[in-house]
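Please read the following report with the sequence and the three-dimensional view side by side, and look for each part in the view as the text names it.

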Amino acid sequence: MSGTQGLTPNPTGVVSPAEVARVKQKAATLSVIASVVLTLAKFGAAILSGSLALMTDALQGLIDIGSTLFTWFAVRAADKPADDEHHYGHGKFEALAALLETAILFGLSGAILWEAINRLWSGTEPHVAVTPLVIGVLLFSLMVDATRWRTLTMVAKETRSEALAAEALHFATDFVGTALVLLGLILTRMGVPMADSATALALAVFMIATAVKLGRRTVDTLIDAAPKGVADRLRDAAQGVAGVVNVEWLRLRPAGGVVQGEIGIQVSRTLPLDRVTAIKDDLLRALVAVEPDSALTVTANPVQVDDETALERVLLIALKMKVPVHHVSVHTIGGRLAVSLDMEVDALLPLGEAHEVATRLENAIRAEFGGETEVDTHIEPMEIGQPSGHNAPWEVVEAIGKAIAQEAAEAGGPIRDIHSVRVRETRNGLVVNYHCRADGALDVAAVHRAVDKIERKVREARPDVCRLVSHAEPAITSDKPLALP
């Protein structure tokens, strides 16, 4: 709504709810003042002229005062924030105000219709005095009603206020009614018989048609009918957000100029939680872009997508069961899927309990891929705590660094430039971390095989090494000598 007439956006270009409430309440207040002034003027002119049509118009003005006051209170109530008793806010107060105005229009038009038909049926009509003062009052009323209708229509459209929209339509009815009254008085002055009663009859029919239109729109709001076209626009915007697999459902309800509701989307079940949160944030921004006055809640449901690999599905199963796995291999043998993996459990866990964990994991994988799936699990101990350790002496670091460099040179493979060697002494043995370089064009599998070969040789030569962790980097263009710490 930024940039709309009457509303002042903040420095970011967004119109605040407080600004919307201020504009709505100002329009409702001016409407009450105008209704009082016009009603008093019409009553005076009706008494002077004796016109049924003008008296009817004045009575309608009296009811206008009550309806505009109700609208003023409804607009103020509708702008209140949600509370413990009204979780979706107070927007329906505006619809209630519009419903009351609809009932008023029906009641007033029925009374006018009855009196006008009686006069036309009997053929009797009291004398109507058409004076310049009466004509002046009606012309003034037309000017004020036109101004009110135009102003309230613009504010109602900008703020999406049901109550102000109903009030604007009411004043449009007043304008047409006053114009009919003026026409009837002119015809009466020209000597046309029963012109005043015929004008009142036409005015009543017009009011009934207006009340029907207003009532239909108000009922749609009260029964939570989705605004026309909004659901399609929001659904199309949601489908265009990256990461949204599908829109499952969309529920909308109008309330006090705001479209409230919920949207359910599907996302890939392999996504981490922070990525799902980012998708929901992107979705809300996209929805507000196409429907600025929308306030929706997003529900993301994980689903299996068509491009999920078998490896991703196995890793997801293990993640859900909170079982650390590595070295996962998935093959198809003779049309049957074969899965093998290493799973880690607490090193102090009894074998029977560890086997139960492995069995549950295997059953879950078979349930995912089919009962004929071949699943083999290798149970490995995992240190649950954080065992203490300390840096090994320099001579140990130097010896192991040279051993790694020597094995890399003798292997004749792509691994070279052993550097950043660190050795820690733990209760389980020596833990070695080192960096190395290899041709950046080689694939990861080839580099991994070469590193594994070197590390096996080192562990054979140094049984006190319990773990080696290598970090391979792309080789630089210039040759560098062996860099040991």
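In this predicted model, strand E5, which covers residues 336-346, runs antiparallel to strand E4, and seven bridges join the two strands. One of the pairings can be followed at the level of residues, since the bridge partner of His-331 is Ala-338 in E5. Helix H9, made of residues 310-320, packs on the sheet, where it touches both E4 and E5, and the direction of H9 makes about 140° with that of E4.

The sheet to which these strands belong is an open one, formed by three strands in the order E4-E5-E6, and its pairing is mixed. Strand E4 (325-333) and strand E6 (374-382) stand at the edges and have a single partner strand each, so that one side of each is left without a neighbour in the sheet. From one strand to the next, the twist averages 15°.

Both edge strands appear again when we turn to the largest pocket of the model, because E4 and E6 are among the elements that give two or more residues to its lining. The other elements that do so are strand E9 (429-438), helix H12 (444-461) and strand E10 (465-474). The space in this pocket comes to about 1200 Å³. Which residues lie nearest the centre of the largest pocket? Of the 33 residues that line the pocket, those are Glu-455, Cys-466, Arg-467, Leu-468 and Val-469. The table sorts the lining by class.

| Class of lining residue | Number in the largest pocket |
|---|---|
| Nonpolar | 15 residues |
| Polar | eight residues |
| Charged | 10 residues |

A residue from another part of the chain shows how positions separated in sequence can be placed in space. Leu-139 lies in helix H4, which covers residues 132-159. Is Leu-139 buried, partly exposed or exposed? With a relative accessible area of 47%, Leu-139 counts as partly exposed, because this value falls between the limit of 20% for buried residues and that of 50% for exposed ones. Leu-139 and Leu-182 are 43 residues apart in sequence, while their C-alpha atoms are 8.2 Å apart in space.

Taken as a whole, the chain has 12 helices and 10 strands, and of its 485 residues, 41% count as buried. Among the contacts between residues at least 6 apart in sequence, 68% join residues that are at least 24 apart.

Conventions
Residues are numbered from 1 along each chain as its sequence is written. This is a predicted model: local features need pLDDT of at least 70, side-chain atom pairs count only at pLDDT 80 or more; totals for chains, interfaces and linings use all residues. Side-chain values use heavy atoms; hydrogens and water are left out. Two strands pair if DSSP finds at least two bridges between them. Helices (H or I, at least four residues) and strands (E, at least two) are DSSP runs, numbered from the N terminus. Axes are lines fitted to C-alpha atoms, for helices over the stretch in contact, and angles run from 0 to 180 degrees between N-to-C directions. Contact means heavy atoms within 4.5 Å. On a 1 Å grid over the protein atoms alone, a cavity is a set of points where a 1.4 Å probe fits but cannot get out, and a pocket is an open set with protein on both sides within 12 Å along at least five of seven lines; lining residues have an atom within 4 Å of a point. Grid points are joined across faces, edges and corners, and a volume is the space filled by probe spheres set on the points. Ala, Val, Leu, Ile, Met, Phe, Trp, Tyr, Cys and Pro count as nonpolar, Asp, Glu, Lys and Arg as charged, and the others, Gly among them, as polar. Buried means under 20% relative accessible area, exposed over 50%, partly exposed in between (1.4 Å probe, protein chains only).
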